[in-house]
Amino acid sequence: MAAGGLSAPLVLGCLLAVAVAGCFGASAVGRCGLLASAGAVALGVLAGLRRRRRGARQAGRVCVMVLGDVGRSPRMQYHAVSLSKHGHRVSFVGVCGTKPHQDVLGDEKIQIIPISEVKGLQVGPKILGYFTKVVVQSVQLLWVLLKIGAHSHVLMQNPPGLPSIAITWLVCSLQGSKFIIDWHNYGYTIMALSHGQSHPVVRIPTWATTLYDRPPSLFKETPVQFQHDLFMRMAKLYLPFQSSMEPTGDHVELTAFTEHNTTSGVVQSLPGRPVLLLSSTSWTEDEDFSILLKALEDYEGFLNAGENLPSLVCVITGKGPQKEYYKKLINSRCFKHVKFCTPWLEAEDYPVMLGSADLGVCLHKSSSGLDLPMKVVDMFGCCLPVCAVHFQCLHELVKHEENGLIFHDSKDLAEQLKMLLCDFPSPQGKLAHLRRNLRASEQQRWDENWDQTVLPLLTDQCS
């Protein structure tokens, strides 16, 4: 994360310098985008100078901003809740698509300020669509920031960087607000792949304070009673959660995993139940789910060959552009012992599902080699062991054979599933050993980490 509070002329000069430098060697699309941003900056200057500059920042008011779906931006939601806990009133600017977590919706100190998702023109040359998108985003963002008034701080997620950084930095300078950027997922290392390490847009964010992802307290192991409640709701929508057995009476509720005696109130896991395997994804090209499908085909082959292994219910959560493609791919396979479910879980249900699962699978591959997957952080918060695909720095998070396993291809993953589940659900098995290690580890939580890292940025700059 990086903080700034430069004067408006200096900010404008820096932004123009970066824009000019970026034009050299840039593509035609990139040059148009930079020129569009420069035009928006000029518009911002004119609009800002027509307003009376607020010399005194409004202490206690913080703007949290993301140029995307608020409900699908968990890290920014965590920021908003943490700010509220410390007494700040929060203007949460973003696209109102997916429902945010109830901790955000139910907090009187957090106000969601909606913006529209901008896609640009869908006809004509791509460069024209890109140009119109940047211009419209710039105008919309400028209007919203000026409308909601000055805040003591503005905390913005990046990427996307254009046009949000230029517009927000300018407005903050005009209004006397402090500007903090959350360079989400090491965005600057991704830019370095195309611009080089010495480029200004790469070097600036490397000055930042590092806030590592940590699971909030809501990610924890789910008691069997709450597991059953979730599974009952899931069973109404998804066949894999429905029990294949008939209840022994009207006083018994069954799911594929649990049994509830409504007379005695006792809830228990079913003996011989399937393994609940969970993977979460944004269904993009960053994650190759054909690896998981091939591994599960091999796992099915192990059972067909007589191996003593449990059946599986594979839950893959999330939304994204490749979801329908993989759903068709799944439906084209003939599985007997593996069932699939691809739901979108509400923000309140997602941690409950993670806390109910037996094993997590992560197929995230970092383009920078430095982007540790937040989904694994959340799984570890639920003491859920993980099988994760290898990339450069994954070992910093997943300790092989300590809190999870690292695989390289589908064959590796299939063998790991076989090894972990051969004695399921025995408390003496390897899977149970990994879970005990996670329980024993003292994992730092989001609140503690945020208080140590981000809170000083706010308090030091207010003094």
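**Reading backbone, helix and cavity features in a predicted model**

Biologist: C383 is buried, with a relative accessible area of 11%. The model is a predicted one, and I would like to learn how such a residue is read; where does C383 lie, and what is the value of its phi?

Modeller: A residue counts as buried when its relative accessible area is under 20%, and C383, at 11%, therefore falls in that class. C383 sits in the loop that joins helix 13 (374-381) to strand 14, and its phi is near 55°, a positive value in a residue other than glycine.

Biologist: Which class of accessibility does E401 belong to, and where is this residue found?

Modeller: The class in between runs from 20% to 50%, so E401, with 45% relative accessibility, counts as partly exposed. E401 lies in the loop between strand 14 and strand 15, and its phi, near 65°, is again positive in a residue other than glycine. E402 is found in that loop too, between strand 14 (386-389) and strand 15 (404-407), and E402 is partly exposed, with a relative accessible area of 46%. For E402 one can also compare sequence with space: E402 and R436 are 34 residues apart along the chain, while their C-alpha atoms are 9.6 Å apart.

Biologist: How far apart are the C-alpha atoms of P114 and V144, and is P114 buried or exposed?

Modeller: Here too the separation along the chain and the separation in space are read side by side: P114 and V144 are 30 residues apart in sequence, and 9.0 Å separates their C-alpha atoms. P114 belongs to strand 4 (residues 110-115), and its relative accessible area of 52% makes it exposed, since the cut-off for that class is over 50%.

Biologist: How should I read the length of a helix, and what span should helix 10 have?

Modeller: One sets the distance between the end C-alpha atoms against the span expected at 1.5 Å a residue; for helix 10 (residues 290-304), with 15 residues, the expected span is 21 Å, and the end C-alpha atoms are 21 Å apart, which agrees. Its buried residues include I291, L292, L293 and A295 as well as Y299, E300 and F302. Helix 10 is followed by G306, whose phi is positive, near 100°.

Biologist: Where do the buried residues of helix 9 and of helix 14 fall around the axis?

Modeller: The idea is to look at the arc that the buried residues cover around the helix axis. Helix 9 (residues 224-235) has 12 residues and reaches 16 Å between its first and last C-alpha, close to the 16 Å expected. Its buried residues are Q227, H228, L230, F231, M234 and A235, and they cover an arc of only 165° around the axis, which puts them on the same side of helix 9. Helix 14 (residues 410-421) likewise has 12 residues and reaches 16 Å, close to the 16 Å expected at 1.5 Å a residue; S410, L413, A414, Q416, L417, L420 and L421 are buried in it. Seen down the axis of helix 14, these buried residues fall within an arc of 165°, so they line one face of the helix.

Biologist: What is found at the start of helix 14, and what is the peptide bond from F424 to P425 like?

Modeller: At the start of helix 14 a side-chain oxygen of D409 comes to within 3.2 Å of the backbone nitrogen of K411. The peptide bond is read from omega: from F424 to P425 omega is near 0°, and the bond is cis. P425 is found in the loop between helix 14 and helix 15 (430-440).

Biologist: Which side chain does H153 contact?

Modeller: The side chain of H153 makes a polar contact with that of S152, at 3.1 Å. H153 is placed in strand 5 (residues 153-158), and it is buried, with a relative accessible area of 1%.

Biologist: How many cavities are there of 30 Å³ or more, and which residues line the largest?

Modeller: The count comes to two cavities of 30 Å³ or more, and the largest has a volume of about 60 Å³. Among the residues lining the largest cavity are C63, H151, V154, T168 and S177. Helix 5 (126-148) and helix 6 (164-175) are the elements that give two or more residues to this lining, and helix 6 gives the most, with four residues. By class, the lining of the largest cavity has seven nonpolar, five polar and no charged residues.

Technical notes. Residues numbered from 1 in each chain as written. Predicted model: local features only at pLDDT ≥ 70, side-chain atom pairs only at ≥ 80, totals over all residues. Heavy atoms only, no water. 1 Å grid on protein atoms, 1.4 Å probe; cavity = no way out; pocket = protein on both sides within 12 Å on 5 of 7 lines; lining within 4 Å. Points joined across faces, edges and corners; volume = space filled by probe spheres on them. Nonpolar A, V, L, I, M, F, W, Y, C, P; charged D, E, K, R; others polar. Expected span 1.5 Å × (residues − 1). Buried < 20%, exposed > 50% of the residue type's maximum accessible area, 1.4 Å probe, protein only. Arc of directions from axis to C-beta. Polar contact = N/O pair within 3.5 Å; in protein donor to acceptor, adjacent residues only side chain to side chain.
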